[in-house]
Amino acid sequence: MFVKSFKTNKKTLIGGLCVILATLCLCIWALSSAEDVETTSSQKKTGTLTYKAATNEERLAFLSHFGWEVESDPAEIVELIIPSEFNEIYENYNAMQKKQGLDLEKYKGKTAKRYSYVVTNYPGVPEGVRANMVVYNDKIIAGDICSLELDGFMHGFQAEQSS
């Protein structure tokens, strides 16, 4: 039988705890950065497109990337809770989001904000068109361009993505 003992002093113990703490912080940082990887991949595909939406200027720049001209201030800002269970309407809306590289699945049960802007340059429709962006933690997680008319339309940020 072998017995091995280790003698440690306070300096060694504190050093070991610092290494463990640093490793833990690195793991937490890596996990929190995983969401940013998806945004970075989208940016590489589309050039300068960023999904940041912390400021009005960032939201306007996002819409401008798709060619939309909007009034400079949101017509409406609404806080909403993304349901924990999707009904048929949310399933259809999320299918549209997936077509444009977004997905609401991981935000179920979360509280987000919807920013609605008046679109001023929709082809053939001079008024009654809105650009909606759903924002969570200062990032765009969903959105659409829609008509306020009863028999209107709704599609993703690019006009050719009609549904």
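Before we start, one definition: a residue is called exposed when its relative accessible area is over 50%, and buried when that area is under 20%, with partly exposed in between. Keep those cut-offs in mind, because asparagine 137, with a relative accessible area of 56%, counts as exposed. We will come back to that residue.

Hello everyone, and thanks for coming. What you have in front of you is a predicted model. Let me walk you through it, beginning with the whole chain.

The protein chain is built from 3 helices and 5 strands. Read from the N terminus, the order is α-α-β-α-β-β-β-β. There are 163 residues, and 31% of them count as buried. The chain exposes about 11,000 Å², with carbon and sulfur atoms supplying 58% of that area. If we take the contacts with a separation of 6 or more, 56% of them join residues that sit 24 or more positions apart.

Now let's look at helix α2, which covers residues 56-65. Which of its residues are buried? They are Asn56, Arg59, Phe62 and Leu63. Viewed down the helix axis, these buried residues fall within an arc of 125°, so they line one face of α2. There is a general point behind this: an α-helix has 3.6 residues a turn, so residues three or four places apart point the same way. And what covers those buried residues of α2? The cover includes strands β2, residues 111-118, and β3, residues 129-136, along with β4. Just after α2 comes glycine 67, whose phi is positive, at about 90°.

On to the loop between β3 and β4, where asparagine 137 has its place. Its phi is near 50°, a positive value in a residue other than glycine. In general, most residues other than glycine have a negative phi. Aspartate 138 is in that loop between β3 and β4 too, and its phi is also positive, near 65°. As I said at the start, asparagine 137 is exposed at 56%. Aspartate 138, with a relative accessible area of 44%, is partly exposed, because that figure lies between the two cut-offs.

From that loop, let's follow the chain into strand β4, which runs over residues 139-147 and includes serine 147. Is serine 147 buried or exposed? Its relative accessibility is 12%, so serine 147 counts as buried. Setting aside residues up to four places away in sequence, serine 147 touches Gly128, Val129, Gly152 and Phe153. A polar atom of the serine 147 side chain lies 3.1 Å from the backbone nitrogen of glutamate 149. Serine 147 and valine 125 are 22 residues apart in sequence, while their C-alpha atoms are 8.8 Å apart in space.

Next, helix α3, residues 88-99. Methionine 96 is found in this helix. With a relative accessible area of 6%, methionine 96 is buried, because that value is under the 20% cut-off. Methionine 96 and histidine 155 are 59 residues apart along the chain, and 7.3 Å separates their C-alpha atoms.

Helix α3 also brings us to the largest pocket. As a general idea, rolling a probe the size of a water molecule over the atoms shows where empty space is left. How much space lies in the largest pocket here? About 300 Å³. Its lining is made of 14 residues, and Ile89, Tyr90, Tyr93, Asp144 and Met154 are the ones nearest the centre. Both α3 and β3 supply at least two residues of that lining. It is α3 that gives the most, with 5 residues.

One last stop, just before we finish: the loop between β1, residues 76-81, and α3, where you will find serine 84. At 49% relative accessibility, serine 84 counts as partly exposed. Apart from neighbours within four places in sequence, serine 84 is in contact with Lys108 and Gly109. Serine 84 and tyrosine 107 are 23 residues apart in sequence, and 8.4 Å apart from C-alpha to C-alpha.

So here is the picture to take away. The buried residues of α2 line one face of the helix, and β2, β3 and β4 are among the elements that cover them. Helix α3 gives the most residues to the lining of the largest pocket. And between β3 and β4 sits asparagine 137, which is exposed. Thank you for listening!

Terms used: Residues numbered from 1 in each chain as written. Predicted model: local features only at pLDDT ≥ 70, side-chain atom pairs only at ≥ 80, totals over all residues. Heavy atoms only, no water. Helix = DSSP H or I, 4+ residues; strand = E, 2+ residues; numbered from the N terminus. Buried < 20%, exposed > 50% of the residue type's maximum accessible area, 1.4 Å probe, protein only. Contact = heavy atoms within 4.5 Å. Polar contact = N/O pair within 3.5 Å; in protein donor to acceptor, adjacent residues only side chain to side chain. Areas by Shrake-Rupley, 256 points an atom, 1.4 Å probe, with all protein chains shown as cover. Arc of directions from axis to C-beta. 1 Å grid on protein atoms, 1.4 Å probe; cavity = no way out; pocket = protein on both sides within 12 Å on 5 of 7 lines; lining within 4 Å. Points joined across faces, edges and corners; volume = space filled by probe spheres on them.
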